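Here are my notes on the model you sent, set out as numbered points so that each can be checked against the coordinates. Please read them with the structure open beside you.

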Amino acid sequence: MKRPWKDVSVALRDGMIHWPGDPECHIKRVVSMDDGAVCNLTHLSMSAHTGTHMDAPRHFIADGMTMEQMPLEPVIGRCRVFELDCEDQITVDDLKKLKIAPRQRVLFKTRNSTRSWAMNEFDKDFVSIRADAAQYLVDQGVVTVGVDYLSIGGFNKDGVETHQIMLGAGIWVIEGLNLAEIKPGYYELICLPLKLEGADGAPCRVVLR
Ligand SMILES: [Zn+2]
């Protein structure tokens, strides 16, 4: 019997933590049965990079692919979850130990999963991917990279470079995973971002088993 699917997406909720400066996440019930209406209806407004989401190349590459152009291959299939005990950034040395294979989908579990998501404010010290480590991932030929907080690159560090390197190489990026319940190893991955036309990113539901 197959093991059950595990949801590694974070719940979207009104006023949730987001990247500093990005639009607030507003989720409000605008029609309510409590007020005598025949149905409930929720209005939603947020950045495309809220919670668990994907980055399309268009996020940092002016003529890069947009969300609706994404092939399904990068987001459905076998993936590998690596656990790293980095305190600051993921470095080339950290990655060299992992024996990353070409064409792999890789997810990195760090202390972000337990620490950053438990905080009441944005965690500026989340573990991110250093620019040279991003280049190493490109050189290894990975297809998809997932991380367990809101950006692959650091806050006030090399956020721009890391995005430019990975998105410029056509890697599909999943950000904002919560891998707290996931042990390192091989999994089946299903990650389906909203088909937002022309968009540089999209919220997604991500499950593993
Ligand atoms: Zn993003």
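**Notes on the predicted model**

1. Cysteine 25 is found in the loop that runs between β1 (6-7) and β2 (26-31). The model is a predicted one, and in it cysteine 25 is buried, with a relative accessible area of 1%. Leaving aside residues up to four places away in sequence, cysteine 25 touches Arg13, Asp14, Gly15 and Met16, and also Ser45, Met46 and Thr50. The C-alpha atom of cysteine 25 is separated by 9.2 Å from that of glycine 51, a residue 26 positions away along the chain.

2. The zinc ion is coordinated through ND1 of His49, NE2 of His53, a carboxylate oxygen (OD) of Asp55 and a carboxylate oxygen (OE) of Glu175, at 2.0 to 2.3 Å. In sequence, these donor residues follow the spacing H-x3-H-x1-D-x119-E. The site links distant parts of the chain, since histidine 49 belongs to the loop between β3 (41-45) and β4 (53-55) whereas glutamate 175 belongs to strand β10 (residues 172-175), 126 residues apart. Histidine 49 counts as buried at 12% relative accessibility, and glutamate 175 is likewise buried, its relative accessible area being 2%.

3. On the geometry of that site, I would describe the arrangement with care. Ideal angles for four tetrahedral donors at a metal are 109.5 degrees. The angles among the four donor atoms of the zinc ion run from 75 to 169 degrees, and the site is classed as irregular. The reason is that a tetrahedral label would need all angles to lie between 85 and 135 degrees, a condition that a range of 75 to 169 degrees does not meet.

4. Turning to charged pairs, a search of the whole structure finds eight salt bridges, one of which joins the side chains of arginine 111 and glutamate 87 at 3.5 Å, N to O. Arginine 111 sits in the loop between β7 (105-109) and β8 (128-129), and glutamate 87 in the loop between β5 (76-83) and β6 (89-90), so this pair ties together parts that are 24 residues apart in sequence. The partners have contrasting surroundings: arginine 111 counts as buried at 17% relative accessibility, whereas glutamate 87 is exposed at 59%.

5. A salt bridge is also formed by arginine 115 and aspartate 123, whose closest N and O atoms are 3.0 Å apart. Here arginine 115 is partly exposed, with a relative accessible area of 34%, while aspartate 123 counts as buried at 1%. In the salt bridge between arginine 130 and aspartate 132, the N to O distance is 2.8 Å; arginine 130 is partly exposed at 35% relative accessible area, and aspartate 132 is partly exposed at 33%.

6. The last point concerns helix packing. How are α2 and α3 oriented relative to each other? The axes of helix α2 (residues 131-140) and helix α3 (residues 159-168) come within 8 Å and cross at roughly 10 degrees, and the two helices are therefore roughly parallel to each other. On the α2 side the contact is made by Ala131, Ala134, Gln135, Leu137 and Val138, and on the α3 side by Glu161, Thr162, Ile165 and Met166.

Key. Residues numbered from 1 in each chain as written. Predicted model: local features only at pLDDT ≥ 70, side-chain atom pairs only at ≥ 80, totals over all residues. Heavy atoms only, no water. Donors = N, O, S within 2.8 Å, 3.2 Å for Na, K, Ca; no water. Tetrahedral: all angles 85-135°; square planar, octahedral: opposite > 155°, others 65-115°. Helix = DSSP H or I, 4+ residues; strand = E, 2+ residues; numbered from the N terminus. Buried < 20%, exposed > 50% of the residue type's maximum accessible area, 1.4 Å probe, protein only. Salt bridge = Lys/Arg side-chain N within 4 Å of Asp/Glu carboxyl O. Axes fitted to C-alpha atoms, helices over the stretch in contact; angles between N-to-C directions. Parallel < 35°, antiparallel > 145°, perpendicular 65-115°, else oblique. Contact = heavy atoms within 4.5 Å.
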